[in-house]
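Subject: The structure I promised you

Hello,

Here is the structure I mentioned, for you to open and turn around while you read. My notes on what turned up in it follow below.

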Amino acid sequence: MPCRTNALYVHPAINVQRRKVTYKLYPTAAQAERLMSLLRAHRDLWNAALEERIDAWRKARKSISYEDQCASLTQLRGELPEDWATMNCSSQQVTLRRLDKAFKAFFDRVKRGQSPGFPRFKSIARMPGIGFNGHGDGWRFEPNLANEGRPDNFGVVCWAKHGTLRLQGVGHLPCRGQARAGGIIKSCELLHRRGAHGDQWHVSVTLECADADVARERTAHHAMAADWGVSHLLTIARTDGPHDEVIEREDNPRWYSSAAERLVALDRAVSSKKRGSKNWKKACARRGAFKARLARKRHEHQHRLSARIAARCSVFATEKLAVANMTRSAAGTVEEPGKNVAARSGLNREILDTAAAALLRKVAYEVRETGALYLEAPTRKLKPSQTCPSCGAVQKKQLRQRWHCCHLCGHEEDRDTAAARLVLRWALGTLDCGQELADAA
Ligand SMILES: [Zn+2]
């Protein structure tokens with residue numbers, strides 16, 4: 001089906017990238033009921049398809065493919081018209097495809113010698129949502145348009161806040177949210193969340209957007225490098241003119257650590273109730289709502305921080321993270337018991353509380369979106385926390401040593417600041433420390 005509105009959004013740009021925009025949905029009570037029954041139908045489809053795969057293997061050692069299941073879906077739709085044929089076929093295929101992916105991921109991990117969990121039968125609570133492909137195939141998203149849909153000076157129709165989602169079998173759903181830029185609508189996902197105030201629905205729309213056409217001078221004058229840490233979330237070294245470096249620090253809000261007491265109390269409330277009882281369900285909902293609120297706060301804070309960074313730099317560099325290594329179980333394994341178990345596990349909690357990977361992912365995404373460069377320094381070769389930014393001498397530091405004091409040139413400063421400075425010089429190519437590092441770049 002041709003897309004009437006989309007033709008307006010094609011932007012004469014070379015690079016195209018995919019972005020997701022999430023809108024909150026406001027269904028009426030009747031629509032919410034229909035959305036729930038849609039979700040239940042998809043859960044049933046998932047469970048039936050999973051059972052089919054398990055049965056086929058158990059009885060005949062036969063593995064069933066995604067294509068097989070699509071064929072039986074078509075047959076089923078013919079046989080049970082009142083139930084299934086009213087549902088969107090390609091979104092059912094998305095659910096089958098997800099099951100297929102779950103199986104592939106499972107077998108991949110088995111092959112790599114890991115011990116993954118087998119794909120699960122799902123309850124409604126474990127069913128995150130329903131995917132849709134092909135705009136116009138059972139759904140259509142219509143954003144509100146700026147200037148009543150008139151193109152601006154560049155011939156682009158801009159999206160305003162909010163919009164409407166039309167869904168087959170459900171109707172028109174008002175959407176609340178805002179895309180940073182419009183694009184060609186590709187696919188969407190209905191997301192179901194159960195909050196303290198009942199069911200909530202969101203739609204995450206995938207757009208194909210033109211790369212930001214913000215012209216940026218990629219000069220060293222706007223380079224930034226960040227070192228991530230626990231005491232300060234980010235220590236940023238940035239250039240200020242051709243010869244100066246400025247250091248900025250972002251505090252670590254410690255969302256989870258500061259809420260630890262409340263979380264323990266909520267956990268205790270759950271475990272003191274009889275499992276499955278009315279009060280147990282209430283306590284679970286309270287705990288879930290509290291955790292969701294924390295997660296939202298952190299998400300919001302990370303977004304603000306990364307947007308602020310992206311708005312100001314043309315080059316952003318940071319060291320490659322390996323959170324999994326840093327937070328490897330403090331207790332260790334049976335063969336290799338860990339040292340300083342209490343201290344290590346406390347630090348692990350602190351490290352995980354910064355959600356460094358999620359933060360840097362957002363920074364990378366937003367920095368690239370503005371057309372700037374995002375660089376990852378090779379941690380192993382550069383050793384940002386061990387190397388002197390002034391003379392390049394390498395000196396081993398323990399994790400608790402928070403001060404850098406060079407034994408060669410006498411350069412002294414805070415450890416995180418030294419690391420950020422080093423990464424900045426690496427990014428600018430002005431690091432003076434021999435061949436090995438030059439190769440690493
Ligand atoms: Zn030095």
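Let me begin with the aromatic rings. A search through the whole structure, which is a predicted model, turns up seven aromatic pairs. One of them joins Phe103 and Phe118: the ring centres are 5.5 Å apart and the planes meet at 85 degrees, so this pair counts as edge-to-face. Phe103 belongs to helix α4 (residues 89-111), whereas Phe118 sits in the loop between α4 and β2 (129-133), so the pair ties together parts that are 15 residues apart in sequence.

Are these two rings buried or exposed? Phe103 is buried, with a relative accessible area of 7%. Phe118 is partly exposed, because its relative accessibility is 41% and the partly exposed class lies between 20% and 50%.

Phe118 has another partner in Phe106, with ring centres 5.1 Å apart and planes at 80 degrees, so this pair is edge-to-face too. Phe106 lies in helix α4 and Phe118 in the loop between α4 and β2, so here the parts tied together are twelve residues apart in sequence. Phe106 counts as buried, at 13% relative accessibility. Together with Phe107, the residues Phe103, Phe106 and Phe118 form one aromatic cluster.

There is also a charge to look for beside this cluster's Phe103: Arg53 lies over the face of that ring, at 4.7 Å from the ring centre. Elsewhere, the charged end of Arg262 sits over the ring of Phe290, 5.2 Å from its centre.

Now for the sheet I would look at next. In what order do its five strands run? The order is β10-β9-β8-β11-β12, in an open sheet with mixed pairing. Its edge strands, β10 (244-251) and β12 (373-377), each pair on one side only. From one strand to the next, the twist averages 20 degrees. As background, strands of a sheet pair through backbone hydrogen bonds, either parallel or antiparallel. Strand β9 (residues 232-240) pairs with β10 in the antiparallel sense, over eight bridges. If you would like a place to find this pairing, Leu234 stands opposite Glu250 in β10.

Two helices are worth viewing along with the sheet. Helix α7 (residues 278-310) lies across β8 (223-228), β9, β10 and β11 (315-319), and runs at about 10 degrees to β9. Helix α10 (residues 356-369) packs on the sheet as well, touching β8, β9, β11 and β12, and its direction makes about 145 degrees with that of β12.

As for the chain as a whole, there are 13 helices and 14 strands. Of its 441 residues, 39% count as buried. Among contacts between residues at least 6 apart in sequence, 63% join residues at least 24 apart.

Finally, a word on confidence. The mean pLDDT of the chain is 82, and 83% of the residues reach 70 or more. Among the elements, strand β5 (residues 171-176) has the highest mean pLDDT, at 96, and helix α13 (residues 434-440) the lowest, at 43. Residues 1-14 stay under 50, and the model has 22 contacts beyond four places in sequence for them. The pLDDT is also below 50 over residues 212-220, a stretch with 17 contacts in the model beyond near neighbours in sequence.

Enjoy looking around, and do write back with your questions.

Best wishes

Methods: Residues numbered from 1 in each chain as written. Predicted model: local features only at pLDDT ≥ 70, side-chain atom pairs only at ≥ 80, totals over all residues. Heavy atoms only, no water. Pairing = 2+ DSSP bridges. Helix = DSSP H or I, 4+ residues; strand = E, 2+ residues; numbered from the N terminus. Axes fitted to C-alpha atoms, helices over the stretch in contact; angles between N-to-C directions. Contact = heavy atoms within 4.5 Å. pLDDT = per-residue confidence, 0-100. Phe/Tyr/Trp six-rings, centres within 6.5 Å; stacked < 30°, edge-to-face > 60°. Buried < 20%, exposed > 50% of the residue type's maximum accessible area, 1.4 Å probe, protein only. Lys NZ or Arg CZ within 6 Å of the ring centre and 35° of its normal.
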